[in-house]
Amino acid sequence: MCKKLFLLTSFVLVLGSGAGQTWGAYRAAYWDADFAQNWIDEPVTIEMRDYFADAGYEILDADQLKEWMDARIADGKISVVVFCKDFAPETVCETNTADCTLRKYLDAGGKIVFHSDIPFWKQAIRGGDTTLWKDNGAIGILGFTAVGPGSIRNSYDDVTFTAKGMEWGLTETWESRRPADASVAADENLTVLATDNAGHAAAWVKHYVPGDTARGFVRVFDTRDSPKLNFDDLKRLAEYGLTDPELAGNPSPPNKTTDIPRDGLVLSWTPGEFAEGLSPIHRVFFSDDFNDVNDGIGGVTQNANDYPVPSLLDFGKTYYWRVDEVDGAQDNTILKGEVWSFTVEPMGCPLAGELITASCWDIDDTDANDTVNGSGLGNNDLHSTDTSDMWLSSPAEPNQAWLQYDFDQPRKLHQMLVWNYNGDGVDRIFGIKEARIEHSLDGVNWTALDNVPAFAQAPGTDDYAANITVDFNGVVVTQVRVTALSNWAGGIPPFDQYGLSEVRFLYIPMRARELSPTAGSTDVDPAAVLTWRTGRAASVHEVYLGSDPNNLSLRDTGAGSPYGTYDTTPLDLQLGQTYYYWRIDEVNDLEDPAVWEGEVWSFSTSAVLTVDDFEGYTDDWENEEAIWEVWIDGLTDPAKGGSMVGYAEAPFAEQEIVHSGRQAMPISYSNTNGVSYSEATRTFDVPQDWAAHGIKSLSLYFQGLPDNGGRLYLKINNTLVPYNGDAADLTKTIWQPWNIDLLNVAADLANVRTLTIGIEGTGATGIVYIDDICLYPRTPEYITPVEPGSAQLLAQYDFEGNANDSSGNGLHGTLKQAVLVNSGRPGAGSAVELNQVGYVDLGNPGALDFGTEDWTVTAWFKTAMTGTGDANKGAIYAKGGDSGGGHRYALIVSENEEGVVSLICDDDATKIVTDSTSAVNDDRWHFVAGQRDGTALRIFIDGQEEGTSTAAADYNLSGTSQHNAYIGAITNHGDGSLYKQFNGLVDEARVYNRALSAGEILWLAGQTAPVAKPF
Ligand SMILES: [Ca+2]
Ligand SMILES: [Ca+2]
Ligand SMILES: [Ca+2]
């Protein structure tokens, strides 16, 4: 009942604090006296803190920062935090990995503004201490090399703002000292705000949410001269692209978007926080005049969150709009919105230079391609005076020099823009004055263009904008030739040369474009809706699709603009298909040509469909995003029995025990007080079709607890599917797949409305964790336990009375300060007890050193070891030496992650670590197997394969002969001592010089019934 009680109390709390919530709550600045800073002086941090407090930002200390980030991760509100100090505190940078809170906040759409020293150079510890992370802080947390190597540091260049930097609001420069390398900035797709003279990024933004361009990690002011820090600039960076949640936000189309279709435009936005529930809610202003919109002239009041633009828009024109909100929380105050803008598609689109092949009159001419490759053109389309970026015919040409442009395919031409020859000063006289222009569709028949204007002379200065426009009036061509008839020098020797700086062809887009999925897409939903932007003037869109690119079938003929769609559902595309091919032909019988055939694009479908991976649930129960609002339990509906989905307090989903991603579903069950079952049911708003796309199996992963009772089952709609494995699998603390052959399920699979997970059995109680419910196009397979016998068994240690080898090979061990105790495991007799001092010395028999051949090491063990320092690691079995110069193969607990076993192999050249995934330090018996099988290195926990790595076929481990084999310890090759000593019990350790099969490992793990083989 506690969850319901929690709901009631927290609802009251939210009502109490929610109404007064302001934008300040989502704009914050971090400052804490108890944590250090580095390159910024403390008095400046205080000045900065006070500046942001005055601007309405919430000031957070290190603990509050952790709470605030957790809250934003949970509620996903648009937010930003400015760091006044240039070390991040341990409360949010618990580790220098992507698992820390600060990175999770970025991944959840957060924004951080960070200045001065290298980000995460040190972790700040409460009380003023620090942990030195150096460059690895940023590499681990941000996921890339955020600051370049020493060779590019300390340039002291005054930075240059990029266009983006100015757009984001930078006004005051600084001297760069710790920039990101230019190539890294490009590879990481950083938004670069400022550069040093070498082009390295002195201010940049790393975005963590796909498609986002305003949030993420903002790095600025990469130097230590802290008095120059411009707080206004920092504030503009912080607020760039964010809006006050009280105002209308998220404009669609996004602010300043260009190339918007002129027809069918519907403006939309997210309403301000307090705008709901009133009437009218919004006032919309729309005009091509900024001032009219900014001044609030005209305007339409309405309740809908969208506004269909009433008329056809003008090509190339910029329009402005704004949405004012009525604030119901503040006496219906009108909240004036931001003015947004967009620009309509141009009549003609620029044809990319890569699609044009340029040639010219004479091989002695300079390169004709310099007139179509954008050379010499700066950001604002202004051509330079650099003649190496222009074309110039060779001397002594009698007024017939020509340039020819061959297009990739027929194009309907609108215009050609021309930049004339722009040589410095007098050199511009080589510019063409009169020209003949011809065009051809077939390369044989040429037509001269009428009304070609005289070409104006270039200014011979660096800011040359195109000053010649040639109209083609929509003629369809593949080639254009420009012949010089005269130049601005009169063509008299020595001035008989002819030049151009650049041309640009503008074509009318008649073919379908912006196809989605994009060419070569993978993991496409087999029920995908294909979309494209329609060709200009097309009245019908023909959709061709098939699995043979040379034999596509016509699937649909539809109408509509500016976007076309085709729902592939009727085709029943198959999962895991590589590839499908498709093409859109745009048709209008009134045009010539009537058909514009599109390119053939391909995509492949996903191999698996996810029903639920539990990643989408949040703690925002008010918006019904909590896991227990989707998976209905017995607390919500008594018909579901004794189940409780999720936890009583946030985070509601399980975030530690996960099979993949960051969340799983916990179901607590108690089949008591008159109920004999517990269920969790998800109802699909739109029934799912599990009979389509070649689906054959439903799969899920589950994990239990040792004291769990009962038996697992599923219901698809109301059809029962009992668990087909051992009921005791529910007591295992590892992830196990349950794969269900849907052929054997008599439910209406084409119309799945509900999926139920249940545990039956009166009196049964416990918790089961569920993750990754998926659909596969394959039939389940099972692994059957098989007794491995003694074939190629090298050694076996049962610890019955001594540490002798019972394999018959005589590789007896010696107990060293270790004792034998009752194992407590049924049928297993005694086990060896190791306490981080004791161990079992197996000597150094050559049989335990393997070269390149296969082997398997297995053991039962029980431990409660915690921590991950060397003293906290525990070798279950090891042969050879650890640390520098060591050769080894070993199974070690907590080598990388607390309580998780790793298989470590090292030939002193390549160390290969194969981690398992389950934490096994629960003081219960578990079974581990590590093996080499050809080039595969694998680790199994309790019979399930949990990790695999690849080794070269000639990976040779014979060097492990340098040290003894041990159970419970490994030799530190550096000093010859034993370390990583195990704490707990070990029993039934075996070494084989062959790779046991998965079934043999299952048998050794004590499994008697077949288990599902993971897909
Ligand atoms: Ca050029
Ligand atoms: Ca998951
Ligand atoms: Ca034993």
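Two helix axes count as oblique when the angle between them is not under 35 degrees (roughly parallel), not over 145 (roughly antiparallel) and not 65 to 115 (roughly perpendicular). This idea is a handy way into the present structure, which is a predicted model. The axes of helix H2 (residues 42-54) and helix H8 (residues 231-239) cross at roughly 55° and come within 11 Å. H2 and H8 are therefore oblique to each other. On the H2 side, the contact is made by Val44, Glu47, Met48, Tyr51 and Phe52, and on the H8 side by Phe231, Asp232, Leu234 and Lys235. The crossing of H2 past H8 is right-handed.

Attention now turns to the calcium ions. For the calcium ion (ligand 1), the coordinating atoms are Asp370 (O), Ser375 (O), Ser375 (OG), His383 (NE2), Asp389 (O), Ser501 (O) and Glu502 (OE), at 2.3 to 2.9 Å. Along the sequence, these donor residues of ligand 1 follow the spacing D-x4-S-x7-H-x5-D-x111-S-E. Distant parts of the chain are linked here: aspartate 389 sits in the loop between strand E23 (382-383) and strand E24 (391-392), while glutamate 502 belongs to strand E31 (residues 499-508), and the pair is 113 residues apart. Aspartate 389 and glutamate 502 are both buried.

The calcium ion (ligand 2) has its own set of protein donors, namely Asp613 (O), Glu615 (OE), Ser660 (O), Gln663 (O), Asp771 (OD) and Asp771 (OD), at 2.3 to 2.8 Å from the ion. Their spacing along the chain reads D-x1-E-x44-S-x2-Q-x107-D. Glutamate 615 and serine 660, 45 residues apart, again link distant parts of the chain: glutamate 615 lies in the loop between strand E41 (609-612) and helix H10 (627-630), and serine 660 in the loop between strand E43 (643-645) and strand E44 (665-670). What arrangement do the 6 donor atoms around the calcium ion (ligand 2) make? The angles that they subtend run from 49 to 157°, so the arrangement is irregular. Glutamate 615 has a relative accessible area of 25% and is therefore partly exposed. Serine 660 also counts as partly exposed, because its relative accessibility is 30%.

Another glutamate is found in strand E45 (residues 677-688), at position 679. Is glutamate 679 buried or exposed? With a relative accessibility of 5%, glutamate 679 counts as buried, since buried means under 20%. Leaving aside residues up to four places away in sequence, glutamate 679 touches Ile632, Asp633, Gly634, Lys640, Ser643, Tyr713, Lys715, Thr756, Ile757 and Gly758.

The backbone also has some details to look for. Threonine 578 is joined to tyrosine 579 by a cis peptide bond, with omega near 0°, and tyrosine 579 lies in the loop between strand E37 (563-567) and strand E38 (580-587). The peptide bond between aspartate 592 and proline 593 is cis too, with omega about 0°. Proline 593 is located in the loop between E38 and strand E39 (595-596).

Two asparagines complete the picture. Although asparagine 189 is not a glycine, its phi is positive, at about 55°. This residue, asparagine 189, lies in the loop between helix H7 (182-187) and strand E9 (191-195), and its relative accessible area of 62% makes it exposed. Asparagine 673, likewise not a glycine, has a positive phi of about 55°. Its place is the loop between E44 and E45, and asparagine 673 is exposed because its relative accessible area is 80%.

Methods: Residues numbered from 1 in each chain as written. Chains lettered and ligands numbered in written order. Predicted model: local features only at pLDDT ≥ 70, side-chain atom pairs only at ≥ 80, totals over all residues. Heavy atoms only, no water. Donors = N, O, S within 2.8 Å, 3.2 Å for Na, K, Ca; no water. Tetrahedral: all angles 85-135°; square planar, octahedral: opposite > 155°, others 65-115°. Helix = DSSP H or I, 4+ residues; strand = E, 2+ residues; numbered from the N terminus. Buried < 20%, exposed > 50% of the residue type's maximum accessible area, 1.4 Å probe, protein only. Axes fitted to C-alpha atoms, helices over the stretch in contact; angles between N-to-C directions. Left-handed = near helix turned anticlockwise from the far one by under 90°. Contact = heavy atoms within 4.5 Å.
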